[in-house]
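Please read the following briefing alongside the sequence and the coordinates. It deals with confidence, metal coordination and helix packing, in that order after an initial question.

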Amino acid sequence: RNLLENAPTDWDRRAIARVMIEEMRHGWQMCALLVDHFGYSGKVEAQKMLERRAFENKRLHGAFNVEVDNWMDFFTYTDFVDRDEKFQLQMLKYSAFAPLGRSMSYMLREEAFHMGTGNDGLRRIVEAGVIPAWLIQKYLNKWISSSYDLFGTDHSSSAHWAYVWGIKGRYDEPKNDKAVDLDDLNDYNRNLYRDEVAGLIERFNNSLKAGEPKLYAPDIKFNRFIGRWANQKFHAKTGEPVDDRAYEEHLKQYMPTAADKKLLLDILDTEKKWIAEKTGARDPLASIGEVRKSAINL
Ligand SMILES: [Fe+2]
Ligand SMILES: [Fe+2]
């Protein structure tokens, strides 16, 4: 509600409304699969999913319980956490369980809108040049490092068996003719994700004001809680080890602090032009449900 009321433009307000409508639909779509194909236990699982309440922080994935309460978080989240979703859906699109595989394209089309909203929102922020690049970087570090975690543990036996049983493929499965490393699937896909993210951030740098530090994707080892780099201390930019005593200070420099958030909210509150206008785009609620072939990137 707070985000709806504080939308920077009417276009953004309608875009976030569409994102919420479509994410609800994704939940229903997964419940329909459970109910249609998994008998009584599927119904029980679907009921649990429909009764779980986001505002009570009952989401299953830790990263999904982190608050998104301002527009900087919203754009960064939709650009990078929804992009993780794109990766997961794409891998399930190759599923040998046909009803699951077939249902992915519809969600992928919608995710394309979510990611586009986030990516273009961040580009508009960079272009406006009001929020300093160092502050933007901290939000990139926060959400991209937690997206790395969403790919799951390393040496995962569930990823191994999901691949062997044909439930899930590698993200680039149709064009990848190399032998699969069953022991390291999650990290393989995680690295493809990082490459895509790094390319997108490089594009933001073209819109950066002169003299501002270049933006980058945080190192894959930074701020991880899942996988082989979990709970260790690495530099956000270089990936070099940071020693115990210096790390607390390092986190203050590379992750949003309470003071940074206050500064951000002040800027969003008082600066009228913290984000460039959205130009040439159609009303998100008028184009909802339209087919977007570009989202199906087989
Ligand atoms: Fe979704
Ligand atoms: Fe989404």
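Which handedness, left-handed or right-handed, does the crossing of α2 and α4 have? The crossing of α2 and α4 is left-handed, a crossing being left-handed if the near helix is turned anticlockwise from the far one by less than a right angle, and right-handed if clockwise.

This is a predicted model, in which local features need pLDDT of at least 70 and side-chain atom pairs count only at pLDDT 80 or more, whereas totals for chains, interfaces and linings use all residues. Residues are numbered from 1 along each chain as its sequence is written, chains are lettered from A and ligands numbered from 1 in the order in which they are written, and side-chain values use heavy atoms, with hydrogens and water left out.

**Confidence**
- The protein chain has a mean pLDDT (the predictor's confidence in each residue, from 0 to 100) of 94, and 97% of its residues reach 70 or more.
- Confidence in the protein chain is lowest in helix α1 (residues 2–5), with a mean of 92, and highest in helix α8 (residues 185–204), at 98; helices are DSSP runs of H or I with at least four residues, numbered from the N terminus.

**The two iron ions**
- Coordination of the iron ion (ligand 1) comes from Glu23 (OE), His26 (ND1), Glu85 (OE), Glu85 (OE) and Glu111 (OE), at 2.0 to 2.7 Å, where donors are N, O and S atoms within 2.8 Å of the metal (3.2 Å for Na, K and Ca) and water is not among the atoms, so sites may look incomplete.
- Along the chain, the donors of the iron ion (ligand 1) follow the spacing E-x2-H-x58-E-x25-E.
- Glutamate 23 lies in helix α2 (residues 10–37) and glutamate 111 in helix α5 (residues 98–128), so this pair ties together parts that are 88 residues apart in sequence.
- For the iron ion (ligand 2), the protein donors are Glu23 (OE), Asp82 (OD), Glu111 (OE), Glu111 (OE) and His114 (ND1), which lie 1.7 to 2.8 Å from it, and their spacing along the chain is E-x58-D-x28-E-x2-H.
- The iron ion (ligand 2) and the iron ion (ligand 1) are 3.5 Å apart, with glutamate 23 coordinating both.

**Packing of α2 with α4**
- Helices α2 and α4 pack at an angle of about 35°, with their axes 13 Å apart; axes are lines fitted to C-alpha atoms, for helices over the stretch in contact, and angles run from 0 to 180 degrees between N-to-C directions.
- The contact (heavy atoms within 4.5 Å) includes the iron donors Glu23 and His26 of α2 and Asp82 of α4.

**Packing of α6 with α4 and α10**
- Helix α4 (residues 71–93) and helix α6 (residues 133–150) pack at about 25°, with their axes 9 Å apart, and are therefore roughly parallel to each other, a term for angles under 35 degrees.
- The α4 and α6 crossing is right-handed, and residues making the contact include Phe80 and Asp84 of α4 and Tyr139 and Trp143 of α6.
- Helix α6 packs with helix α10 (residues 258–270) at an angle of about 115°, with their axes 11 Å apart, and passes α10 in a left-handed crossing.
- Trp134, Leu135, Lys138 and Tyr139 in α6 meet Asp260, Lys261, Leu263, Leu264 and Ile267 in α10.

Terms used:
Helix = DSSP H or I, 4+ residues; strand = E, 2+ residues; numbered from the N terminus. Parallel < 35°, antiparallel > 145°, perpendicular 65-115°, else oblique.
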